Amino acid sequence: MKALSIDHIAFAVADLGETAAQLEKIFGCGFSQPEQVDSQGVRSAFLRLGETEVELVESISKHSPTMPLLPNPIRSFIDKHGEGLHHVCLKTDDLDQELGRLSAQGIQPLPSGISRNAQGKRIVFLNPTHTANMLIELVEDRR
């Protein structure tokens with residue numbers, strides 16, 4: 001198994017198009033076409049900067065798609081904290097093995113468990129109560 005490395009850094013935004021346009025001026029390059037991830041109730045777009053990407057994430061639903069009685073996590077985040085850094089995503093070449101290693105240390109994923117991102121890759125978010133209140137996403141990238 002390779003060492004973990006940063007895949008992307010994600011920012012929660014209220015208006016994906018407006019924020020992307022502002023950042024494109026700063027970075028001098030464009031974001032990918034927005035992709036909708038219905039299972040997470042979000043739209044996102046990526047901008048590659050060297051080996052890492054910046055992701056903008058916008059809520060498209062009022063409630064969580066997996067837990068309809070709860071608010072959409074991105075919308076809830078913005079309501080509480082405003083727009084800004086939401087999570088850091090680390091890539092691993094074996095998600096199951098990495099989760100086993102973390103579990104042995106008492107670090108558990110969020111109850112939503114493993115899902116798929118817009119590119120169809122397996123992802124999981126770690127419970128922030130086990131990660132110094134930081135939201136960390138793991139993505140399986142077998143390249």
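1. Let's start in the middle of a strand. Setting aside neighbours within four places in sequence, Ala-45 touches Leu-16, Phe-31, Ser-32, Pro-34, Val-54, Glu-55 and Leu-56, where contact means heavy atoms within 4.5 Å. Ala-45 sits in strand β3. Strands here are DSSP runs of E with at least two residues, helices are runs of H or I with at least four, and both are numbered from the N terminus. With a relative accessible area of 1%, Ala-45 is buried; that label means under 20% relative accessible area, while exposed means over 50% and partly exposed is in between (1.4 Å probe, protein chains only). Pro-34 is 11 residues away from Ala-45 along the chain, and their C-alpha atoms are separated by 4.5 Å.

2. A word on what you're looking at. This is a predicted model, in which local features need pLDDT of at least 70 and side-chain atom pairs count only at pLDDT 80 or more, whereas totals for chains, interfaces and linings use all residues. Residues are numbered from 1 along each chain as its sequence is written, and side-chain values use heavy atoms, with hydrogens and water left out.

3. Now the overall sheet. It is open, has eight strands with mixed pairing, and reads β2-β3-β4-β1-β5-β8-β7-β6 across; two strands count as paired if DSSP finds at least two bridges between them. At the edges stand β2 (35-37) and β6 (115-116), each with a single partner strand, so one side of each has no neighbour in the sheet. β2 runs antiparallel to β3, and three bridges join them. One of the matched positions is Gln-36, whose bridge partner in β3 is Arg-43.

4. Strand β4 (residues 52-59) deserves a look of its own. Seven of its eight residues are buried, so β4 is largely enclosed by the rest of the structure. On one hand, β4 pairs with β3 (residues 42-49) in the antiparallel sense through eight bridges, and Arg-48 stands opposite Glu-53 there. On the other, β4 pairs with β1 (residues 5-12) in the parallel sense over five bridges, with Phe-11 facing Leu-56. β3 and β4 also make a hairpin with two residues between them, and Gly-50 in that turn has a positive phi of about 65°.

5. Which residues make up the largest nonpolar core? There are nine: Leu-90, Leu-95, Leu-99, Leu-102, Ile-107, Val-124, Leu-126, Ile-136 and Leu-138. α3 (95-103), β7 (122-126) and β8 (136-140) each supply at least two of them, and α3 gives the most, with three. By a nonpolar core I mean a set of buried Ala, Val, Leu, Ile, Met, Phe, Trp, Tyr and Cys residues joined through side-chain atoms within 4.5 Å. Leu-90 is worth clicking on: beyond neighbours within four places in sequence, Leu-90 is in contact with Leu-4, Ser-5, Ile-6, Asp-7, Ile-136, Glu-137, Leu-138 and Val-139.

6. Next, the largest pocket, with a volume of about 1,100 Å³. It is lined by 43 residues, and Pro-73, His-86, Leu-110, Phe-125 and Leu-135 lie nearest its centre. β3, β4, α2 (73-81), β5 (84-92), β7 and β8 are the elements that give two or more residues to the lining, and α2 gives the most, with six. As for terms, the search uses a 1 Å grid over the protein atoms alone; a pocket is an open set of points where a 1.4 Å probe fits, with protein on both sides within 12 Å along at least five of seven lines, and lining residues have an atom within 4 Å of a point. Points are joined across faces, edges and corners, and the volume is the space filled by probe spheres set on them.

7. How many disulfides does a search of the whole structure find? Zero, taking a disulfide as a pair of cysteine sulfur atoms within 2.5 Å. For Cys-29, the nearest cysteine sulfur is that of Cys-89, 19 Å away. Cys-29 is partly exposed, with a relative accessible area of 30%, whereas Cys-89 is buried at 0%.

8. Last, some backbone angles to check. Most residues other than glycine have a negative phi, and most peptide bonds are trans. Ala-132 is not a glycine, yet its phi is positive at about 55°; Asn-133, also not a glycine, has a positive phi of about 65°. Ala-132 lies in the loop between β7 and β8, and Asn-133 is found in that loop too. Ala-132 counts as exposed at 66% relative accessibility, and Asn-133 counts as exposed at 66% as well.
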